[in-house]
Every structure is written in structure tokens, then in C-alpha cells.
Amino acid sequence: MDLLPSRSFFGFVAIGCGAYVARELCVIYFVKPWDKEENGYERSPPRGNFPDLRLHNNLMANHLTPELYESLRQLTTDSGFTIDQAIQVGVDNLGVPWQRTSGIIAGDRESYEVFAPLFDGIIEEYHGHKKKDFHSRDMDSRKIVDGQLNSEYALSQGPPGARRNLEGLIRMVFVRLGGEWSQGEFEGEYKPIAEFPDPKLGSLNVSSHPTSPLITCSGRARDWPESRGIFRNKDNTFVVFVNEDDHVQFRCFDKGGNLQNVFDKLVRGMAAFERELKKSGEEFIWDDHLGYIVSDPIYLGTALEVRVRVKLHHLSTDPRLRWILTSYKLEKRRTGISEGELLSGVMFIHSTQTLGVSEVHSVQRLCDGVNRLIELERMLEQGEDIDDALPTPQVPRGQLEFNL
């Protein structure tokens with residue numbers, strides 16, 4: 001019996017080897033390497049424990065690769081937080097191309113160090129803040145110029161900043177502040193969320209049960225509403241949320257269009273709170289590189305989200321708006337606005353960069369940007385062409401176009 005392969009077998013092997021070598025030579029000499037600027041991020045298919053992120057629109061999906069995932073999968077922080085817990089919110093929520101989300105959370109301060117290879121890439125893409133850059137602080141509201149916005153267009157604005165033990169500590173802080181705040185603009189009371197009879201918590205329009213998948217999928221809604229509460233002053237213009245998204249979140253509101261005043265009020269309220277907090281041996285976590293440490297890397301740095309609620313009837317339907325906002329490093333949001341208001345051009349405008357810029361710089365940028373948007377809206381109302389009044393193109397307009 002002849003066991004030697006036939007000549008035809010060797011012929012097929014030779015053809016297969018030749019095709020493989022030809023393909024490799026073609027890739028090496030003729031196929032251009034993947035251009036991230038031109039084609040976006042290359043997404044790997046799922047394999048093993050690596051999730052399928054090919055349809056996702058968040059920053060985590062842009063940077064997580066099978067190799068990076070495997071290098072981080074066995075690591076944990078001292079509190080037991082893992083990379084799988086960190087990325088779960090981004091895996092469960094695909095996101096949308098017109099609103100960037102991080103797709104990742106930090107379970108503790110150490111997360112930014114243990115999982116730095118992933119967090120650093122996300123932070124640099126969103127904030128332009130490199131690993132060796134420093135973050136500065138400046139809370140002097142007197143430096144803000146033209147902080148008064150036109151109230152015809154600016155409707156309102158507000159910047160937001162073991163659970164059980166933390167809530168007990170914060171309760172004591174508010175008790176000690178009670179005497180100082182008993183008379184004046186900060187006079188108010190703290191209540192657990194479970195004690196609010198109204199499911200929408202009155203005029204705050206905050207649900208007594210978390211519905212956002214960004215909260216529920218990240219594990220931040222665990223044991224809700226235990227150890228969660230809200231402090232609010234009499235007119236609901238200064239509000240402190242405890243254990244909602246982060247441990248403590250400050251929100252300050254004003255309907256007069258005066259960003260300088262609302263920022264000054266927020267700074268004074270936070271300063272009084274932190275002063276009493278330090279008496280208990282605690283303080284807000286600060287890092288020279290990352291600024292204030294929060295769970296979502298999008299808000300690192302100042303941890304400040306300053307929003308202005310504006311009505312721009314003409315600009316809201318102008319296809320150039322998204323490019324204009326990006327040029328000013330601003331972004332619009334529609335969450336919390338009714339359908340009727342959306343049709344009339346109502347939207348929230350906020351600054352996108354919080355890391356690498358001071359608090360004053362962030363508020364000033366928003367003031368300048370919103371004032372400029374109001375000028376463009378007035379020009380459109382009068383039927384004028386705004387092409388010559390548009391900002392200097394920091395980002396080519398074509399890079400921001402996408403089809404829905």
C-alpha cells in the first residue's frame with residue numbers, strides 16, 4: 001500500500017503556501033496601516049471573556065482591546081473593584097454618536113492607578129489631558145467677565161460638584177452648619193430620599209427611583225434608596241445630593257441668567273461644607289494630575305458641570321450648530337426638556353472640558369460661548385447671514401458630519 005502523498009497533494013499545498021505568502025506581502029507593502037484619524041477606532045471581535053463592542057459609541061469601546069483587557073482582568077483595587085465592574089456600564093449601554101459618554105466608572109480612587117492603561121487613554125481623548133499634565137484650581141468668581149447672560153434667551157443654569165457611614169457623617173455636617181445657615185440663602189433641611197412623599201421630589205424633578213441605565217448598570221443604584229438623601233434650601237436654589245451618582249453632589253440654580261452669582265454661591269456653599277467636613281477628619285479627594293476624583297472620568301478635574309438652559313429657535317435647527325458648539329468646546333443636551341420645548345429650540349448648553357482648566361476658566365468659557373450663540377441667534381432672527389460671524393474653525397466641519 002502506497003502511503004506517500006500524491007503529486008497533486010503537494011501541488012495544492014504549494015498553491016496554498018503561495019497564496020498565503022502573496023497575501024502577507026500585499027499587506028506589508030501595499031495595504032496602508034489603520035488610520036485612526038481617517039477611519040476611527042478599530043474594533044476587535046469578541047473572543048473569550050472580551051465583550052462585543054463593535055456597535056458601541058462610548059470612549060471605553062474606543063480604547064479597550066482584547067490584549068489590554070486580558071492584562072487588566074486579574075487586577076483588583078484594595079476594595080475589590082475589578083475591570084469588569086468598571087466597564088459594565090459601557091458594555092450594557094451602546095451609546096449614541098451625537099453624545100459622548102465614558103462607558104466606564106471608577107469604583108474608588110485606586111481605580112485610576114490600577115486600570116491606568118485604559119483610563120489614561122479615555123481621559124486624553126476626552127479632555128486632551130496627558131499622563132504628566134497637571135490640573136490647576138481657581139475658585140475666585142470675581143475673575144469672571146460678562147457673567148450676566150441675556151435672560152430672554154438664557155432661562156436658567158446650574159453646576160452640579162461604606163454609604164451608610166458616609167451619610168451619617170454628612171448628616172452631622174449639616175447639623176453643625178444648621179446654626180450658620182439658619183438665617184440666609186442656605187437655610188434648609190436634609191431628608192433621606194425615602195421620606196419624600198412626592199415621587200418626583202417636588203420641584204427638583206429628580207426621580208425617587210433611579211431609571212437611568214448609566215446608574216443602574218454601573219451598580220450605583222444598589223440598595224436604593226438606603227443611605228441616600230438630599231439637602232435643599234428653602235427656594236431649591238442650593239441642593240446637595242448624597243450617594244446618588246457620587247458621594248456628594250452640589251447643585252446650584254438661578255433663573256436670572258447670572259452665571260457669576262450662581263458660581264459664587266456654589267463656591268461659598270461648598271467651602272462651608274468642606275470646612276465642617278475637615279473637622280471630622282475627611283475632605284474631598286484631590287489629585288494634582290486628575291483634580292477632584294469622581295466616579296465618571298468625564299467630570300474629573302473641576303468636577304463641575306455648568307449648564308445654561310437657553311432658547312435658540314433658529315440655531316437649534318441650523319446644521320452648523322454642532323460644529324459651532326464643538327469649536328467653542330461646548331455641547332448641547334436635551335435630557336429633562338419636554339417635547340414642546342425641544343420644538344421651540346430649548347436646550348441645555350454646557351462646557352465639555354473639566355480637566356486641565358480651572359473652575360473660573362470653565363465658567364468663563366461657557367459665558368463667552370453662550371453670549372456668542374445669542375449673538376448668532378439674533379442675526380438669524382433678523383435674516384442676516386452668519387457665515388462670516390462663525391468661529392475660527394478649530395475642527396474641520398466635515399469631521400463632525402454623520403448620518404442618522
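These questions and answers walk through a predicted model.

Q: How many helices and strands does the secondary structure of the protein come to?
A: The protein has 404 residues, and 45% of them count as buried. Its secondary structure comes to 13 helices and ten strands.

Q: What share of the accessible surface belongs to carbon and sulfur atoms?
A: The accessible surface of the protein comes to about 21,800 Å². The part that belongs to carbon and sulfur atoms is 52%.

Q: In what order do the four strands of the open sheet stand?
A: Strands of a sheet can pair in parallel or antiparallel fashion, through backbone hydrogen bonds. In this open sheet the pairing is antiparallel. The four strands follow the order β2-β3-β4-β5.

Q: Why is one side of β2 and of β5 left without a neighbour in the sheet?
A: β2 covers residues 188-192 and β5 covers 248-252. Each has a single partner strand, so one side of each has no neighbour in the sheet. The reason is their place: both stand at the edges.

Q: By how many degrees are neighbouring strands of this sheet turned against each other on average?
A: The angle is taken with direction ignored. On average it is 15 degrees.

Q: Which residue in β3 stands opposite Pro192?
A: β2 and β3 (residues 229-233) run antiparallel and are joined by five bridges. Pro192 belongs to β2, which spans 188-192. Its opposite number in β3 is Gly229.

Q: Which helix packs on the sheet?
A: The helix touches β3, β4 (238-242) and β5. Its direction makes about 150 degrees with that of β5. It spans residues 259-279 and is helix α10.

Q: Which helix gives the most to the largest nonpolar core?
A: This core has 85 residues. Leu64, Leu118, Phe174, Phe250, Phe273, Leu315 and Ile349 touch the most other members. The top contribution is ten residues, and it comes from helix α13 (residues 359-381).

Q: How many residues are in the other core, which lies apart from the largest one?
A: Phe196, Trp224, Ile230 and Phe241 are among its members. The count for this other core is six residues.

Q: Is the aromatic pair of Phe174 and Phe231 stacked or edge-to-face?
A: The ring centres lie 4.6 Å apart, with 5 degrees between the planes. Planes under 30 degrees apart count as stacked. The pair of Phe174 and Phe231 is therefore stacked.

Q: How many residues apart in sequence are the parts that Phe174 and Phe231 tie together?
A: Both residues are buried. Phe174 lies in helix α8 (residues 163-181), and Phe231 lies in strand β3. The pair therefore ties together parts whose separation in sequence is 57 residues.

Q: Which helix holds Phe273, the tilted partner of Phe174?
A: The rings of Phe174 and Phe273 have centres 5.6 Å apart and planes at 55 degrees, so this pair is tilted. Phe174 lies in helix α8, and the parts tied together are 99 residues apart in sequence. Phe273 lies in helix α10.

Q: Is Glu331 buried or exposed?
A: Glu331 lies in strand β9 (residues 330-333). Beyond its neighbours within four places in sequence, its contacts include Arg100, Phe348 and His350. Its relative accessibility is 12%, and under 20% means buried. Glu331 is therefore buried.

Methods. Residues are numbered from 1 along each chain as its sequence is written. This is a predicted model: local features need pLDDT of at least 70, side-chain atom pairs count only at pLDDT 80 or more; totals for chains, interfaces and linings use all residues. Side-chain values use heavy atoms; hydrogens and water are left out. Two strands pair if DSSP finds at least two bridges between them. Helices (H or I, at least four residues) and strands (E, at least two) are DSSP runs, numbered from the N terminus. Axes are lines fitted to C-alpha atoms, for helices over the stretch in contact, and angles run from 0 to 180 degrees between N-to-C directions. Contact means heavy atoms within 4.5 Å. Buried means under 20% relative accessible area, exposed over 50%, partly exposed in between (1.4 Å probe, protein chains only). Accessible areas come from the Shrake-Rupley method with a 1.4 Å probe; for residues, only the protein chains shown count as cover. A nonpolar core is a set of buried Ala, Val, Leu, Ile, Met, Phe, Trp, Tyr and Cys residues joined through side-chain atoms within 4.5 Å. Rings of Phe, Tyr and Trp (its six-membered ring) pair if their centres lie within 6.5 Å; planes under 30 degrees apart count as stacked, over 60 as edge-to-face and the rest as tilted.
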